[in-house]
Amino acid sequence: MGESLGLLRRAFGQAVTHATGMWYMDHSSGLWYNDPAFAAEFKNLKKWGDYSMKLPRQRNSEVAVISSNESEFYLGGSTDTSAAFYEGPSTTRPQGLGELSKAGAPFDRYLIEDLEQGLIPDHYKVYIFMDTFYLTDAQRAAIEKLKRGGRTLVWTWAPGYVSESGLSTTGMQSLTGINFAQGGSGDGPSEGSATGQWAENFEGGSFLQSDYTDGERSGNGAIVADLDKVIDGSYSAYGKAGESVDWHEFLFTDKNKIKLEPGATYTVTFKAKTLAAPGPSGTFYFLARTKSGGNAQDVGVNNWTDAPGDPYTKSFTFTLKGYEDYYLIWGLHNGGALAVDNIVIKKDASVPIELPVQYRLDANLFPGSTTVYGDMKLNPVFRPEAAGAQVWGYSSPDGAPSVVVRDFPNWRSVYLPAPPIAAPLLKRIYNEAGVHIYSESYDNLEASQSWVSMHAVADGVKKIKLPRAAKVYDIIGNRSMGDGIREFQYEMKRGDTAIFMLEPPTPQPPDGGPPGGWTQPLSGDAGLKDLQVRLAGKSLPLTPAFTADTTAYTVLTDAAQVELEGTAAHSAAKVTLQGKPLNDGMKVDLKEGDNVFELIVQAENGTKRTYTVTIRRQAIVVEPGEPGEEPTKPEIPVMLSDIHGHWAEASIREAAAKFVVSGYSDGTFKPDRPVTRSEFVLMLTKALGKEKNRSTLAFTDVEQIGAWAKPAIEQAVQAGIVTGYADGSFRPDAYMTRLEMAVMIARALGVPMNAKAAISFTDDSDIPQWAKGAVEAIRKQGIVVGRGDGRFVPGGIMTRAEAVVVLLRMPKNSQ
């Protein structure tokens with residue numbers, strides 16, 4: 001009954017924290033809930049469910065989990081990732097939602113289409129992309145907008161591998177900022193016996209002289225010499241237990257001596273002799289076990305009940321899962337006595353080994369973590385590049401880096417090779433991202449603004465920490481936990497569910513309503529949720545990009561008047577500019593130079609916060625044009641909102657000042673995004689200066705070239721910088737490789753290119769002969785210096801920041 005009530009309460013806790021409805025369904029003609037205890041429980045939960053309608057029902061999660069239904073249609077064969085990604089806790093393996101629910105913080109779930117359509121709030125600190133294997137261009141663009149504000153984006157297996165144009169690790173690299181090597185399923189090395197065969201007859205007379213032990217408890221088994229127990233020779237292994245003993249395991253292989261190969265198929269043959277039959281419903285049994293998967297991952301389970309008498313032979317064949325520390329067990333269920341001898345373990349080399357993709361967390365970063373996560377056979381396998389990243393986990397069993405964390409100036413990228421995302425890993429991600437952790441105990445937790453629900457996975461005292469001080473009431477125990485508290489403790493048994501109401505009236509059962517006229521405290525939120533500077537209805541970029549906690553911004557324009565608009569985060573807060581309410585925006589006049597405006601937000605309880613906007617109006621300077629041309633007004637250098645603190649910030653600002661780059665329409669530059677061929681050609685022609693001569697484009701994909709890039713490409717074709725591909729295409733949206741960059745720049749500069757030139761890079765053999773001259777020529781010019789390990793990496797994808805730095809290294813007389 002206690003377990004059943006715990007599950008009913010867990011379901012109610014999930015419903016009330018998500019502000020959803022629920023119902024109870026009986027499939028047994030009224031017998032499931034035919035007990036007064038159930039009726040009393042339903043009545044109590046119904047009462048609190050009704051009362052929850054009077055409380056704030058908002059979620060307060062800081063983690064968004066984003067799914068892609070369409071991605072599942074692109075999986076081949078029998079691959080099914082849904083269970084590992086989305087199913088709850090299991091007794092046999094860690095699974096997606098089960099790990100998420102144990103990480104100590106609530107999370108909200110969305111579809112990738114919600115992100116694409118702008119339906120996901122932007123307050124989340126961590127975005128987890130569970131199965132976004134397939135992404136449209138629009139969905140990629142929506143994800144790009146998340147890469148700011150210190151957010152953390154988490155990816156599994158093959159994010160962005162499938163696109164509208166095919167399969168590509170390049171798509172994964174541009175999405176995650178991490179480089180990948182691709183391989184087949186189970187392509188890593190594994191350990192095992194050189195021969196894959198072991199034999200044991202126990203003639204050494206003790207466990208120490210054999211490849212076996214007497215199990216987890218010393219004395220469970222023995223090596224005996226009694227004539228009535230020995231099967232062959234002088235000794236045999238022996239185990240005995242009474243009928244009242246449920247499970248008695250007396251013989252184990254020694255994992256240090258017999259190393260079974262992950263994923264391999266084995267046949268185990270042995271002689272046995274029944275000396276006493278097991279009790280009623282009892283059996284003798286054999287199995288292979290590992291505890292690396294978080295739960296016992298038993299395979300090869302076999303039972304028998306042969307009668308006492310002469311020895312007999314048993315033979316069992318089984319295939320191991322992908323864990324590296326399996327061991328074999330012989331045991332007794334409900335009593336009996338059994339002798340075992342002449343054991344032969346033989347691997348079937350004719351059966352191919354297909355290993356699942358698995359990882360284990362770094363023991364130094366995650367003390368006490370020994371679980372191996374993942375048991376799915378995925379193909380292809382992607383190995384992340386560890387250069388420039390932190391390694392938080394390693395693939396099992398080969399130990400290659402597989403869980404990597406790469407930090408960029410305004411966001412963090414976390415990749416792991418297979419589901420599920422381990423709860424300890426999630427907890428570390430959350431902590432470093434600033435997500436509030438309610439519990440450290442790895443129990444199943446749900447929370448909202450008004451409720452906290454916990455389902456215990458183990459006995460113990462649970463500590464719950466709240467994001468803010470609150471009145472806390474235990475609706476199951478019908479008692480107050482305290483008033484104005486930030487944390488409290490609660491003792492629970494495994495399977496119990498505890499549900500707490502936050503900030504209720506003075507605690508009492510809700511039947512009579514709140515006594516004393518309790519009122520909601522006044523809000524102290526004096527923040528903005530949006531800030532806009534508009535010109536002719538269009539938003540000007542803010543530097544830095546807007547966040548609620550940033551209170552000083554700069555805007556660049558040449559206009560004499562703009563409109564300022566600020567929106568308070570709380571509905572009861574007021575925003576003023578120059579002492580006047582800033583309701584629907586206010587037009588302000590600008591003088592040349594800096595114009596400083598202060599927006600004051602006053603919270604409901606009187607708290608104030610000031611946001612400062614400095615609008616720099618630049619003077620218009622008319623520059624002469626070519627003879628016979630009208631004077632032209634120069635462009636205004638853009639204020640790029642996402643390059644502050646970037647390693648290439650100075651170079652990007654210099655390039656913007658020279659009008660080599662101008663960024664995107666939203667005021668960003670996206671420095672770590674791969675640069676396309678169209679974008680690079682445009683940057684290159686701007687760096688070289690304006691060319692008057694153009695060539696009509698004859699590429700087969702000319703219609704795919706954007707109007708913004710076509711004049712630059714026409715100039716580049718005319719100048720012989722660009723020739724296109726052998727199939728007649730230009731591929732404007734393909735990512736620029738370092739090899740293509742070298743050839744274009746060498747052609748643009750007109751430097752001599754010796755096809756037989758000696759290359760100074762260590763990966764000379766990877767550079768095509770026809771391009772060696774170009775690579776060496778620009779190296780001598782100091783335009784490229786290679787990667788830190790002396791490689792040029794000709795197939796490497798260039799980022800927009802790298803493109804800027806390379807172009808600025810061109811000789812000054814060419815710019």
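A salt bridge is taken here as a side-chain nitrogen of Lys or Arg within 4 Å of a carboxyl oxygen of Asp or Glu. In this predicted model, the side chains of Glu-432 and Arg-428 meet in such a salt bridge, with an N to O distance of 3.4 Å. Both residues belong to helix H8 (residues 423–433), and because they are 4 residues apart in that helix, about one helical turn separates them. Glu-432 counts as partly exposed at 41% relative accessibility, and Arg-428 is likewise partly exposed, with a relative accessible area of 24%. The pair does not stand alone, since salt bridges that share partners join Asp-407, Arg-412, Arg-428 and Glu-432 into one network.

A search of the whole structure finds 33 salt bridges, and the table below lists three pairs, including the one just described.

| Pair | N to O distance |
|---|---|
| Lys-125 and Glu-62 | 3.1 Å |
| Lys-314 and Asp-306 | 3.1 Å |
| Glu-432 and Arg-428 | 3.4 Å |

The salt bridge between Lys-125 and Glu-62 involves two loops: Lys-125 lies between helix H5 (112–116) and strand S3 (126–129), while Glu-62 lies between helix H2 (36–52) and strand S1 (63–67), so the pair ties together parts that are 63 residues apart in sequence. As to solvent accessibility, Lys-125 is partly exposed, with a relative accessible area of 29%, whereas Glu-62, at 18%, is buried, because buried means under 20% relative accessible area.

In the salt bridge of Lys-314 with Asp-306, the lysine is the buried partner, Lys-314 having a relative accessible area of 17%, while Asp-306 is partly exposed at 25%.

Turning from side-chain pairs to helix packing, the axes of helix H10 (residues 677–688) and helix H12 (residues 738–749) come within 12 Å and cross at roughly 25 degrees. That angle makes H10 roughly parallel to H12, because angles under 35 degrees are classed in this way. The crossing in which H10 passes H12 is right-handed. On the H10 side the contact is made by Arg-677, Phe-680, Val-681, Leu-684 and Leu-688, and on the H12 side by Glu-740, Met-741, Met-744, Ile-745 and Ala-748. Sorted by character, the residues of this contact comprise 8 nonpolar and 2 charged, with no polar ones.

Notes: Residues numbered from 1 in each chain as written. Predicted model: local features only at pLDDT ≥ 70, side-chain atom pairs only at ≥ 80, totals over all residues. Heavy atoms only, no water. Axes fitted to C-alpha atoms, helices over the stretch in contact; angles between N-to-C directions. Parallel < 35°, antiparallel > 145°, perpendicular 65-115°, else oblique. Left-handed = near helix turned anticlockwise from the far one by under 90°. Contact = heavy atoms within 4.5 Å. Nonpolar A, V, L, I, M, F, W, Y, C, P; charged D, E, K, R; others polar. Buried < 20%, exposed > 50% of the residue type's maximum accessible area, 1.4 Å probe, protein only.
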